[in-house]
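Reader: Could you take me on a close look at one part of this model, and then follow the threads that lead away from it? I would enjoy one connected account.

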Amino acid sequence: MVNPYFSMLRQHSEYAGVSHAVAGDPGAPVLVLANSLGTNRRLWSEQLCDWAGDHRIICFDYPGHGSPVWRETPSIRAIAARLAQLLDHLDVQRYAFCGLSMGGAVGMELAGLHGDRMQRLVLSNTAASFGDPAFWTARGQTAVDAGVAALADATLARWFTPGFAADHPSVVAFYRAMLCATEPSGYRWCCNAVRDFDFRDRLATLRQPTLVIGGAHDGATPPAQSRELAAAIAGADYIELDAAHLGNAGAAPAFTAAVRAFLAGAPQPSTSAGSHDLGQQ
């Protein structure tokens, strides 16, 4: 079955330098989606058929990932500020937010900017700080010097488990093409934004009902890190899926259902797995 929303994800609208797309009933509750580094809004292809039945969906792209590369100093806060402008332009007063990896960082910053306007927050495969700054500087420089494709094999190995990759080669090929289409300068811009992000001292300020999703096989933002994130946010729910870093793709049915239930106000079963060493995205 062809996803009826897939063509929407390819459409191009731009405001404040942010390429974006909107789908679903204009009168439905708004759900804003934020991608991981190296992906664009097509990241959410598996979820849209389900979520657009209950929500007006707003997807957007980062600099060099579909949006033009911005001139300002790279930061997650700069992305949140641009997104806030877009939401004002679209006359969005109340909304829920779901962000994966880098997108979760954007959600934290936007929650700080918007307070009660953001009514629910999903933080998937993400962290309040992403580790060694030198790693991100080097990774962004590699993208510029050798192209984003030079990072593809290592990135895809973090995004998917070996078993999932073997069983779903077309999905892996889809994400490889998405990653390799990223502009090197935009990839470095976003690497630098991730490098400098640190929300650890502000986690206690988050007041939105929050769902944290971890991946049992996520070596980029491991389960131990996800559980720490959930524990630092008052009242946060935590679930752990049988997936690597891209939980929305590697465990799509479970991810889609869990987020939909959370947005509807249903309680989440608490899950956990063994501890893992902290890694890189």
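Author: Asn125 is buried, because its relative accessible area is 1% (buried means under 20% relative accessible area, exposed over 50%, and partly exposed in between, with a 1.4 Å probe and protein chains only). Its phi is near 45°, a positive value in a residue other than glycine. Asn125 lies in the loop between β6 (118-124) and α5; helices (H or I, at least four residues) and strands (E, at least two) are DSSP runs, numbered from the N terminus.

A word on the basis of all this: the model is predicted, with local features needing pLDDT of at least 70 and side-chain atom pairs counting only at pLDDT 80 or more, while totals for chains, interfaces and linings use all residues. Residues are numbered from 1 along each chain as its sequence is written, and side-chain values use heavy atoms, with hydrogens and water left out.

Staying in the loop between β6 and α5, we also meet Ser129. Ser129 counts as buried because its relative accessibility is 18%. Not counting residues up to four places away in sequence, Ser129 touches Phe197, Asp198, Arg200 and Gln225, where contact means heavy atoms within 4.5 Å.

The loop leads on to helix α5 (residues 133-146), and here there is a packing partner to look at: the axes of α5 and helix α9 (residues 184-195) come within 8 Å and cross at roughly 175°. Two packed helices are described by the angle between their axes and the distance between the axes. Axes here are lines fitted to C-alpha atoms, for helices over the stretch in contact, and angles run from 0 to 180 degrees between N-to-C directions. α5 and α9 are therefore roughly antiparallel to each other (angles under 35 degrees count as roughly parallel, over 145 as roughly antiparallel, 65 to 115 as roughly perpendicular and the rest as oblique). On the α5 side, the contact is made by Pro133, Trp136, Thr137, Arg139, Gly140, Gln141, Ala143 and Val144. From α9 come Pro184, Ser185, Tyr187, Arg188, Cys191, Asn192, Val194 and Arg195. The residues of this contact divide into eight nonpolar, five polar and three charged; Ala, Val, Leu, Ile, Met, Phe, Trp, Tyr, Cys and Pro count as nonpolar, Asp, Glu, Lys and Arg as charged, and the others, Gly among them, as polar.

Cys191, one of the α9 residues in that contact, deserves a pause. Cys191 counts as buried because its relative accessibility is 0%. Its sulfur is 7.6 Å from the closest cysteine sulfur, in Cys190, too far for a bond. A search of the whole structure finds zero disulfides, a disulfide being a pair of cysteine sulfur atoms within 2.5 Å. Cys98 is likewise in no disulfide, and its nearest cysteine sulfur, that of Cys59, is 10 Å away. Cys98 also counts as buried, at 0% relative accessibility.

Phe197, already named as a contact of Ser129, gives us a thread to another helix. Glu109 is found in helix α4 (residues 102-114), and, leaving aside its neighbours within four places in sequence, Glu109 is in contact with Ile76, Arg77, Ala80, Phe197, Phe199 and Arg202. Glu109 counts as buried because its relative accessibility is 7%. Glu109 and Arg77 are 32 residues apart in sequence, yet 5.9 Å apart in space, C-alpha to C-alpha.

That brings us to helix α3 (residues 76-89), which has 14 residues and reaches 20 Å from its first C-alpha to its last. This is close to the 20 Å expected at 1.5 Å a residue, the expected span being 1.5 Å times one less than the number of residues. The buried residues of α3 are Ile76, Ala78, Ile79, Ala80, Arg82, Leu83, Ala84, Leu86 and Leu87. Just after α3, Asp91 takes a positive phi of about 60°.

Positive phi returns us to where we began, and Ala16 makes a nice companion to Asn125: Ala16 has a positive phi of about 55° although it is not a glycine. Ala16 lies in the loop between β1 (13-15) and β2 (18-23), and is partly exposed, with a relative accessible area of 22%.
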